[in-house]
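The following account leads the reader through one protein structure, from its strands to a helix, a pocket and two loop residues. Please keep the sequence and the three-dimensional view at hand while reading.

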Amino acid sequence: MNILVISGGPRKHGRSAIAARFIERTYGFHTMDLSVMEMPMYNGEEEQATNPVVKSLRKAVLDADAVLLISPEYHSAMSGALKNTLDFLGSTQFLHKPVGLMAIAGGGKGGINCLNNMRTVMRGVYANAIPRQLVLDPSTFDYDSDGLVKEAAEQVNGLIDELKMYAHIGNEIKSHQ
């Protein structure tokens, strides 16, 4: 199963990157890390479609059975880096595609607005943002091992299991069409 992780944190050593690396190590998924990608600023001009980074992004999302979006919450929304990246995509890449949502909170009560913001954008591109979603607080990270504490790892596993279930259902439907 081809599940793509888009790590929307702009900081190379931020918690979004830690979560993405943990998921990549644990599940073997491919990650597009926006902290290291040279994504241009979206301006809607046609020539941006020929940019190699944009072409790679579009192909990776189109080819994925499912996508997991990870973003820190900045000012009650997803990161600007993730929103800019999603602006290069549309229903061509996302139509009916299962999408998991994970927010990285800066404190104990953050993250929900980020999830709602990502869900709204996914609805706009006709993706299937799955019901289960997850907020990871700073206390859920094991910084020494570049990973997550046991309870958070179990919550991530639940999210991944549900994302895989929806991807499997989608693949079954496609195979019967």
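Two strands are said to pair if DSSP finds at least two bridges between them. The model discussed here is predicted, and its strands offer a convenient point of entry. Strand β1, residues 3-7, and β3 pair in the parallel sense over 5 bridges. Within this pairing, Val5 has Leu68 of β3 as its bridge partner. On to the next pairing: β3 and strand β4, residues 98-104, are also parallel, with 6 bridges. Here Leu68 has Gly100 of β4 as its bridge partner, and Ile70 has Met102. Leu68 thus takes part in a bridge with Val5 and in a bridge with Gly100. From β4 the path continues to β5, which runs parallel to β4 and is joined to it by 6 bridges. Pro98 is matched there with Asn128 of β5.

How far are these strands covered by their surroundings? Residues count as buried when their relative accessible area is under 20%. By this criterion, 7 of the 7 residues of β3, which spans residues 66-72, are buried. Ala66, Leu68, Ile70 and Pro72 point one way from the strand, whereas Val67, Leu69 and Ser71 point the other way, and all of them are buried. Strand β4 repeats this description: because 7 of its 7 residues are buried, β4 is largely enclosed by the rest of the structure. On one side of β4 lie Pro98, Gly100, Met102 and Ile104, and on the other Val99, Leu101 and Ala103; both faces are covered.

Attention now turns to a helix. With 26 residues, α6 reaches 37 Å from its first C-alpha to its last, which is close to the 38 Å expected at 1.5 Å a residue. An α-helix has 3.6 residues a turn, so residues three or four places apart point the same way. The buried residues of α6 include Ala152, Val156, Leu159, Ile160, Leu163 and Ala167. Glu162 is also buried. What covers the buried residues of this helix includes strands β1, β3, β4, β5 and β7, together with helix α1, residues 15-27.

Helix α6 also contributes to the largest pocket. Rolling a probe the size of a water molecule over the atoms shows where empty space is left. The largest pocket has a volume of about 320 Å³. Among the 17 residues that line this pocket, Leu95, His96, Lys97, Gly170 and Lys174 are the closest to its centre. At least two lining residues come from each of α4 (91-94) and α6 (150-175), and α6 gives the most, with 7 residues. In character the lining divides into 7 nonpolar, 7 polar and 3 charged residues.

Two loop residues complete the tour. His75 has a positive phi of about 50°, although it is not a glycine. His75 is found in the loop between β3 and α3 (80-86), and it counts as exposed because its relative accessibility is 82%, where the cut-off is over 50%. Asp146 is another residue other than glycine with a positive phi, near 55°. The loop that holds Asp146 runs between β6 (141-142) and β7. At 22% relative accessibility, Asp146 counts as partly exposed.

Definitions and conventions:
Residues are numbered from 1 along each chain as its sequence is written. This is a predicted model: local features need pLDDT of at least 70, side-chain atom pairs count only at pLDDT 80 or more; totals for chains, interfaces and linings use all residues. Side-chain values use heavy atoms; hydrogens and water are left out. On a 1 Å grid over the protein atoms alone, a cavity is a set of points where a 1.4 Å probe fits but cannot get out, and a pocket is an open set with protein on both sides within 12 Å along at least five of seven lines; lining residues have an atom within 4 Å of a point. Grid points are joined across faces, edges and corners, and a volume is the space filled by probe spheres set on the points. Helices (H or I, at least four residues) and strands (E, at least two) are DSSP runs, numbered from the N terminus. Ala, Val, Leu, Ile, Met, Phe, Trp, Tyr, Cys and Pro count as nonpolar, Asp, Glu, Lys and Arg as charged, and the others, Gly among them, as polar. Buried means under 20% relative accessible area, exposed over 50%, partly exposed in between (1.4 Å probe, protein chains only). The expected span of a helix is 1.5 Å times one less than its number of residues. Contact means heavy atoms within 4.5 Å.
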